[in-house]
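Colleague: I would like to learn how to read a model like this one. Please take me through it feature by feature.

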Amino acid sequence: MTVFHFFNCAILTFGPHAVYYSATPLSEYDTLWTSIRAAVVYLVTALVKLVCLATFLNVSESDSFDPYQELLKALFGFIDVAGLYFALTQLTHRNISQNHKFQAVGLGWAFADSVLHRLAPLWVGARGLEFTWDHILQGLEANANLVFSISLAALGSLMWLRKNKPKTLIPIIYACAGIVATMPSITSYLRRGLGWHLPKVVGFELFSSLLIAFISWQLFVACQRPSN
């Protein structure tokens, strides 16, 4: 039963990444190498962010919400934006369109995040003797993170690769990117500051990820329209 539960949680956590790759034109255009290199960039970015967090943040004995500490975490969250900028603009990609490029980068980014932050807890916890919903919720959280990552990559593509975008949309693009980049601090405030339980936080993440994805899609479509 414990092995069955582990495989169920693993499929919930990592399966959507494979489904997204195979169900979209990414597999037809052979963008796997682009996703792999984006995952490597994520790992380097995560290492840099970890060093910054270990250097500048104090280890708190309580689990209470510390605004100063969370502000620093939010600022360090923009290291991810810098990593995405490098992945989108500096890595050489095969002859793929801008639409497929940001999806491949976002997919590799999200998969690396899930492996780094969820594989070990899943392997240790989901194989335990006592059944809990925590790992299923973490799998749903990984799905929300997949949507967030692709949305952030789409917004980054509009910010750095799309030159002829309408000027009226630029503040909205940057505001949405800022919200996605600071989402870990927002969820931390909901957990520690407001005392939300994990199911409620995951529900918020799922809803907000779909909302951000819809807004990003609308912005991407609007920026592709020919300007008058």
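Modeller: We go from the overall fold to the cores and then to single residues. Keep in mind that this is a predicted model.

Colleague: Start with secondary structure. How many helices and strands does the protein chain have?

Modeller: Count the elements, then read their order. The protein chain has nine helices and zero strands. From the N terminus on, the order is α-α-α-α-α-α-α-α-α.

Colleague: What does the radius of gyration say about the protein chain?

Modeller: Set it against the value for a compact globule. For 228 residues that value is near 17 Å, and the protein chain has 18 Å, which agrees. The principal axes add the outline: the C-alpha trace spans about 60 × 40 × 30 Å.

Colleague: How much of the protein chain is buried?

Modeller: Buried means under 20% relative accessible area. By that cut-off, 46% of the 228 residues count as buried. Then look at the surface. The accessible surface comes to about 12,700 Å², and 67% of it belongs to carbon and sulfur atoms.

Colleague: And charge? How far apart are the mean positions of the positive and negative charges?

Modeller: Take each sign separately, then compare the two centres. The protein chain has 15 positive and 12 negative charges, and their mean positions lie 14 Å apart.

Colleague: What share of the contacts joins residues 24 or more positions apart?

Modeller: Among contacts with a separation of 6 or more, such pairs account for 80% in the protein chain.

Colleague: Now the interior. Which residues touch the most other members of the largest nonpolar core?

Modeller: Find the core, then its best-connected members. Here the largest core has 38 residues, and Phe-102, Ile-173 and Leu-219 touch the most other members. Next ask which helices feed this core. α2 (32-56), α4 (78-89), α5 (98-125), α6 (134-160), α7 (170-181) and α9 (198-224) each supply at least two of its residues. α6 gives the most, with nine residues. There is also a second, separate core of six residues, including Cys-9, Ala-10, Leu-122 and Ile-136.

Colleague: Take Ile-173. What does it contact beyond its sequence neighbours?

Modeller: Skip neighbours within four places, and Ile-173 is in contact with Leu-155, Leu-158, Met-159, Lys-165, Leu-219 and Cys-223.

Colleague: Leu-155 is on that list. Is Leu-155 buried or exposed?

Modeller: Read the relative accessibility. Leu-155 counts as buried because its value is 0%. Leu-155 sits in helix α6. With residues up to four places away left out, Leu-155 touches Ile-173, Cys-176, Ala-177, Ser-216 and Leu-219. Leu-155 and Phe-220 are 65 residues apart in sequence, yet 7.8 Å apart in space, C-alpha to C-alpha.

Colleague: Why does Leu-137 count as buried?

Modeller: Leu-137 has a relative accessible area of 13%, so it is buried. It too is found in helix α6. Beyond four places in sequence, Leu-137 is in contact with Leu-198, Pro-199 and Val-202. Cys-9 is 128 residues away from Leu-137 in sequence and 9.0 Å away in space, C-alpha to C-alpha.

Colleague: Last one. Where is Leu-12, and why is Leu-12 called partly exposed?

Modeller: Leu-12 is in helix α1 (residues 2-23). Its relative accessible area is 25%, so Leu-12 is partly exposed. Contacts can still reach far along the chain. Apart from neighbours within four places, Leu-12 is in contact with Ile-136, Gly-139, Leu-140 and Asn-143. The C-alpha atoms of Leu-12 and Gly-139 are separated by 5.3 Å, with the two residues 127 apart along the chain.

Conventions:
Residues are numbered from 1 along each chain as its sequence is written. This is a predicted model: local features need pLDDT of at least 70, side-chain atom pairs count only at pLDDT 80 or more; totals for chains, interfaces and linings use all residues. Side-chain values use heavy atoms; hydrogens and water are left out. Helices (H or I, at least four residues) and strands (E, at least two) are DSSP runs, numbered from the N terminus. The radius of gyration is taken over C-alpha atoms; the globule rule is 2.2 Å times the number of residues to the power 0.38. Buried means under 20% relative accessible area, exposed over 50%, partly exposed in between (1.4 Å probe, protein chains only). Contact means heavy atoms within 4.5 Å. Accessible areas come from the Shrake-Rupley method with a 1.4 Å probe; for residues, only the protein chains shown count as cover. Lys and Arg count as positive and Asp and Glu as negative; His and the chain ends are not counted. The place of a charge is taken as NZ of Lys, CZ of Arg, CG of Asp or CD of Glu. A nonpolar core is a set of buried Ala, Val, Leu, Ile, Met, Phe, Trp, Tyr and Cys residues joined through side-chain atoms within 4.5 Å.
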